[in-house]
Amino acid sequence: MSAVTVPPKPVRRTRRLPRYVPWAVLAGSLALGALVSLLTGEVTVTGVVGFGAIVYVVAITVTSHVVEGARWAKDRLATTLVTAAFALATIPLISLVVLVVGNGVERLSWAFLNDDMVGIYGSMVEGGAFHAIIGTLLITGLASAVAIPLGLLTAIYLTEYATPGPLKRAITVLVDVMTGIPSIVAGLFAATLFMIVAGPQYKAGVIGAVALALLMTPVVVRSCEEMLRLVPNELREAAYALGVPKWLTVLKVVLRTAIAGITTGVMIAIARVIGETAPLLITVGIVANVNLNVWDGRMTTLPVYVYRQYAQGGASVDRAWAGALTLILIVMLLNLVARLVSKVFSPKGAR
Amino acid sequence: MARELTDTKEKPVSAVTGTETIRRGPAPGRVGNFVFKGLSSGAGILIVVLLGLVAGFLLYRAIPAITATRDQLEAVGFMRGESLLSYVLPLAFGTVLSSVIALVVAVPLSIGIALFISHYAPRRLAQGLGYLIDLLAAIPSVVFGLWGLSFLQPRVGPLFEWLSTNMGWFPPFSGYLGPAKNIAIASLVLAVMILPIITATIREVFLQTPRLHEEASLALGATRWEMIRQAVLPFGRSGIISAAMLGLGRALGETMAVLMVLAPGFLVNFYILRPGQHQSVAANIANQFPEASGLGADVLIATGLFLFVLTFVVNLAARWIINRRAEFSGAN
């Protein structure tokens with residue numbers, strides 16, 4: 001070789017900040033935040049974190065700009081802001097849980113769950129939500145009894161029977177749009193329906209159930225459809241090859257494979273409508289006693305109970321918080337059981 | 001598909017027993033197939049019919065209010081002698097204003113959260129963090145109302161006051177009057193309520209970003225943020241738009257937060273920090289409908305029909321954008 005090869009110059013590397021620097025800056029910012037809030041007034045968590053966050057954003061960007069250059073400074077700024085957005089979003093969730101548990105746990109007791117509001121007035125601290133819990137369970141149960149079969153059958157139609165065409169497209173789009181129907185409009189529809197069919201004086205839990213069913217059906221369709229699509233086509237073909245009729249294939253192979261996912265979806269749909277307030281407020285109303293007949297008379301439901309008790313003020317506010325805690329516990333329980341079902345019973349190794 | 005066996009000329013016969021092996025006659029389960037197919041198609045069609053019924057019944061009851069004369073409407077107590085149009089206008093304005101403010105707050109925040117979950121958080125944590133945000137969607141709206149009144153109200157009050165005293169020259173911020181029962185706080189509660197659906201939609205789109213685009217960008221020396229600007233955001237733009245519209249649809253129809261937090265009024269203005277200026281269609285229905293009867297109920301149903309049409313259009317547009325994107329992106 002005649003030409004002498006020049007060893008390549010080392011590639012210019014950007015100088016990066018060591019890993020500990022952001023944390024050090026964060027600690028410094030929080031300390032500065034504490035100092036600032038001490039100077040301006042009393043020290044609160046909101047103040048320290050608020051000032052600290054602003055100081056941190058400025059400090060880390062400037063430090064990075066000096067050491068690493070403009071591009072990395074921008075990157076650090078973006079990382080900070082994105083993380084801050086997430087942290088900000090957890091504030092409502094955490095504060096809400098702390099607030100409801102803190103205010104509700106005092107009044108929530110066995111007696112509260114087993115007492116209705118008959119003979120409770122003024123500043124009496126007795127009384128409970130038994131009638132409201134019963135009402136919620138009955139109305140949601142009736143709504144589910146309509147919405148689950150309707151939603152499941154529609155999902156089966158969309159995945160197993162429908163051929164691509166205008167009808168399938170229309171149903172898919174309308175189901176999507178239906179998930180966005182305002183709950184108050186669903187309530188108005190149910191109220192109007194029964195006003196016309198049964199006369200304006202008719203008040204019953206079933207009116208609320210119709211409204212809830214209308215809200216629940218599209219959610220059931222969506223989640224069931226998704227689950228049915230996950231069932232591998234090979235299973236269906238294997239069943240057909242054995243001479244199993246289509247309807248039995250759907251019933252015994254497809255549904256049985258997807259049952260865990262469907263159960264999860266249905267329970268999340270129930271959890272979604274069990275907290276609906278507005279449609280029940282304008283249709284079912286409120287009473288003080290237990291009403292077990294969904295076909296006749298006003299009923300109390302838990303969300304409406306919470307709303308009314310809070311609006312009354314005074315001693316009722318405690319009952320409202322206890323009711324809210326009960327409601328959240330029911331919703332969370334449904335969500336939790338739903339997740340467990342999908343975890344435990346979903347087919348192993350399918351994914 | 002269960003295929004019917006067609007008759008063949010020669011009967012298949014078992015070599016051992018000499019009897020026919022294939023069952024003749026109609027395919028098994030023909031009745032079951034027919035019934036089951038009928039049931040499921042019926043359910044699908046019923047859903048379409050149901051949506052038509054909703055519009056139909058609302059329209060049927062709204063027509064008396066639309067055609068009513070001025071004198072008839074004056075008899076309705078809560079309308080204070082206004083025509084239907086001038087009654088709906090402030091309500092529609094309040095609804096749109098609160099929803100738009102909620103969107104302005106929620107969309108940037110959602111993009112940040114979605115990015116955090118899809119591209120920043122450690123992979124193992126990402127799913128759990130997504131579930132945490134989804135939990136917000138499970139909280140009943142009445143509980144959000146309680147939260148708005150007893151957590152948010154005392155905390156944003158000082159902020160509003162500061163805004164009003166220091167930036168009061170900007171008309172929308174002028175004239176704050178505590179306690180905070182204005183449209184700004186109602187919009188903040190709405191923003192928290194629509195956060196989960198916007199985040200979930202945007203997150204799905206961000207996760208679909210072609211891996212190769214991201215890696216190509218990083219390989220060219222881009223920082224993470226530059227990669228997001230170059231690969232993730234352009235890919236997800238239509239997803240962000242449709243997510244915002246889905247959130248808008250939710251915010252337009254949300255009742256309880258506005259009903260519980262806002263001190264209502266029937267004015268058309270932009271004083272977002274003053275109480276008693278605005279009211280939304282949904283909250284107004286929830287407020288008046290239990291006591292309304294006759295023509296009063298018809299008027300409220302007419303406003304409900306307006307809300308139905310508005311959210312229907314917004315949701316339809318959002319779905320249209322999503323579907324159009326799905327056809328082009330090829331990321332399915």
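Begin by selecting helix α3 of chain A (residues 70-104) together with helix α5 of chain B (residues 141-166) in this predicted model; their axes come within 10 Å and cross at roughly 90°. Angles of 65 to 115 degrees count as roughly perpendicular, and α3(A) and α5(B) are therefore roughly perpendicular to each other. To see what makes this crossing, show the side chains of A:S95, A:L96, A:L99 and A:V100 on α3(A), and those of B:V143, B:W147, B:S150 and B:F151 on α5(B), which form the contact. Coloured by residue class, the residues of this contact of α3(A) with α5(B) divide into six nonpolar and two polar, with no charged residue.

Next, widen the selection to the whole interface, where 70 residues of chain B are in contact with 72 residues of chain A. On the side of chain B that touches chain A, at least two residues each come from α1 (30-67), α3 (84-120), α4 (123-138), α5, α6 (183-207), α8 (224-253), α10 (281-288) and α11 (295-329) of chain B. Which of these helices should be picked out as giving the most to that side? It is α1(B), with 18 residues. The side of chain B that touches chain A is made up of 47 nonpolar, 17 polar and six charged residues.

Now hide chain B and colour chain A by its domain assignment, which gives domain 1 as 20-104 and domain 2 as 130-345. The C-alpha centres of these two domains of chain A lie 41 Å apart, and four residues of domain 1 are in contact with five residues of domain 2. On the domain 1 side of this contact within chain A, the residues divide into two nonpolar and two polar, and no charged residue is present.

Within chain A, select helix α5 (residues 130-161), whose 32 residues reach 45 Å from the first C-alpha to the last, close to the 46 Å expected at 1.5 Å a residue. Centre the view on A:S144, where α5(A) bends by about 25°.

Finish at helix α10 of chain A (residues 246-274), which spans only 35 Å between its end C-alpha atoms, whereas a straight helix of 29 residues would span 42 Å at 1.5 Å a residue. The residue to centre on here is A:I259, at which α10(A) bends by about 60°.

How values were computed
Residues are numbered from 1 along each chain as its sequence is written. Chains are lettered from A and ligands numbered from 1 in the order in which they are written. This is a predicted model: local features need pLDDT of at least 70, side-chain atom pairs count only at pLDDT 80 or more; totals for chains, interfaces and linings use all residues. Helices (H or I, at least four residues) and strands (E, at least two) are DSSP runs, numbered from the N terminus. The expected span of a helix is 1.5 Å times one less than its number of residues. The bend at a residue is the angle between axes fitted to the seven residues ending there and the seven starting there. Domain bounds come from an automatic or database domain assignment. Two residues are in contact if their C-beta atoms, placed from the backbone, lie within 7 Å. Ala, Val, Leu, Ile, Met, Phe, Trp, Tyr, Cys and Pro count as nonpolar, Asp, Glu, Lys and Arg as charged, and the others, Gly among them, as polar. Axes are lines fitted to C-alpha atoms, for helices over the stretch in contact, and angles run from 0 to 180 degrees between N-to-C directions. Angles under 35 degrees count as roughly parallel, over 145 as roughly antiparallel, 65 to 115 as roughly perpendicular and the rest as oblique.
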